[in-house]
Amino acid sequence: APYEEALVRKNFRERCFALDWQYGNIEKLLKTDVDRTQVKELLRAHYAAIHVLHSSLCSADWGLSQEPRERQRQPLVFGVGWHEFTHMLVQHSLVGEDLTLE
């Protein structure tokens, strides 16, 4: 089902998208301005759903999070791990004979 957001949060979502676009460096992967514009607008149109999906799959290193901050060997970061990502692909039938995990 589509993710509906209250209009009062639209401004916040737009600012989040702008930062994600800037820090994602997606522009560097695309060769033409036309491609950049098309991809940016496509992602913007689906950003609320992408945000919800990322939030539901996002995790951190549990073991690292249990250590006192001064003993942590690296900063605690959040992201979508390979296990969660591949599980999502399989669960939603996004892989098949045409597109495999190999």
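Arg44 is partly exposed in this predicted model, with a relative accessible area of 27%. Its side chain meets that of Glu14 in a salt bridge, in which nitrogen and oxygen are 2.8 Å apart. Side chains of opposite charge can pair when their charged atoms come close. The partner Glu14 is likewise described as partly exposed, since its relative accessibility is 26%. This pair links distant parts of the chain, because Glu14 belongs to helix α1 while Arg44 belongs to helix α2 (residues 33-45), and 30 residues separate them.

Arg44 also forms a salt bridge with Glu41, and here the closest N and O atoms are 3.4 Å apart. Glu41 and Arg44 are both in helix α2, where a spacing of three residues separates them by about one helical turn. An α-helix has 3.6 residues a turn, so residues three or four places apart point the same way. Glu41 is partly exposed, with a relative accessible area of 39%. Taken together, Glu14, Glu41 and Arg44 are linked in a network of salt bridges.

How many salt bridges does the structure hold? The count is three, and the one still to be described joins the side chains of Asp33 and Arg36, with 2.5 Å from N to O. Both of these residues lie in helix α2, three residues apart, which is about one turn of the helix. Asp33 counts as exposed, with 57% relative accessibility. The table sets out the salt bridges with their N to O values.

| Salt bridge | N to O |
|---|---|
| Glu14 and Arg44 | 2.8 Å |
| Asp33 and Arg36 | 2.5 Å |
| Glu41 and Arg44 | 3.4 Å |

The cysteines can be considered next. A disulfide is a covalent bond between the sulfur atoms of two cysteines. The structure holds zero disulfides. Cys16 is partly exposed, with a relative accessible area of 22%, and Cys58 is partly exposed as well, with a value of 27%.

Helix α1, which contributes Glu14 to the salt bridge with Arg44, can now be followed along its length. The helix has 15 residues, and the distance from its first C-alpha to its last is 20 Å, close to the 21 Å expected at 1.5 Å a residue. Which residues of α1 are buried? They are Arg13, Phe17 and Trp21, and they cover an arc of only 70 degrees around the axis, which puts them on the same side of α1. On the other side of the helix, Asn11, Arg15 and Tyr23 are exposed. The buried residues of α1 are covered by parts of the structure that include α2 and α3. After α1 comes Asn25, whose phi is positive, near 55 degrees.

Two of the buried residues of α1 carry aromatic rings that take part in pairs. By the rule that ring centres must lie within 6.5 Å, the count comes to three aromatic pairs. One of them is formed by Phe17 and Trp21, which are stacked, with 6.2 Å from centre to centre and 25 degrees between the planes. The planes count as stacked because their angle is under 30 degrees. Phe17 and Trp21 are four residues apart in helix α1 (residues 10-24), and so they are separated by about one helical turn. Phe17 is buried, with a relative accessible area of 4%, and Trp21 also counts as buried, at 6% relative accessibility.

Phe17 has a further ring partner in Tyr47: the centres of these two rings are 5.3 Å apart and their planes stand at 80 degrees, so the pair is edge-to-face. This pair links distant parts of the chain, with Phe17 in helix α1 and Tyr47 in helix α3 (residues 47-57), 30 residues apart. Are these two residues buried or exposed? Both Phe17 and Tyr47 are buried. Phe17, Trp21 and Tyr47 form one aromatic cluster.

Tyr47 leads on to helix α3, whose buried residues are Tyr47, Ala48 and Leu57. These buried residues pack against several elements, namely α1, α2, β1 (59-60), β2 (78-79) and α5 (82-91). Helix α1 is therefore joined to other helices in the two ways described: through the salt bridge from Glu14 to Arg44 in helix α2, and through the ring pair from Phe17 to Tyr47 in helix α3.

Definitions and conventions. Residues are numbered from 1 along each chain as its sequence is written. Side-chain values use heavy atoms; hydrogens and water are left out. Rings of Phe, Tyr and Trp (its six-membered ring) pair if their centres lie within 6.5 Å; planes under 30 degrees apart count as stacked, over 60 as edge-to-face and the rest as tilted. Buried means under 20% relative accessible area, exposed over 50%, partly exposed in between (1.4 Å probe, protein chains only). A salt bridge is a side-chain nitrogen of Lys or Arg within 4 Å of a carboxyl oxygen of Asp or Glu. A disulfide is a pair of cysteine sulfur atoms within 2.5 Å. The expected span of a helix is 1.5 Å times one less than its number of residues. The arc is that of the directions from the helix axis to the C-beta atoms. Contact means heavy atoms within 4.5 Å.
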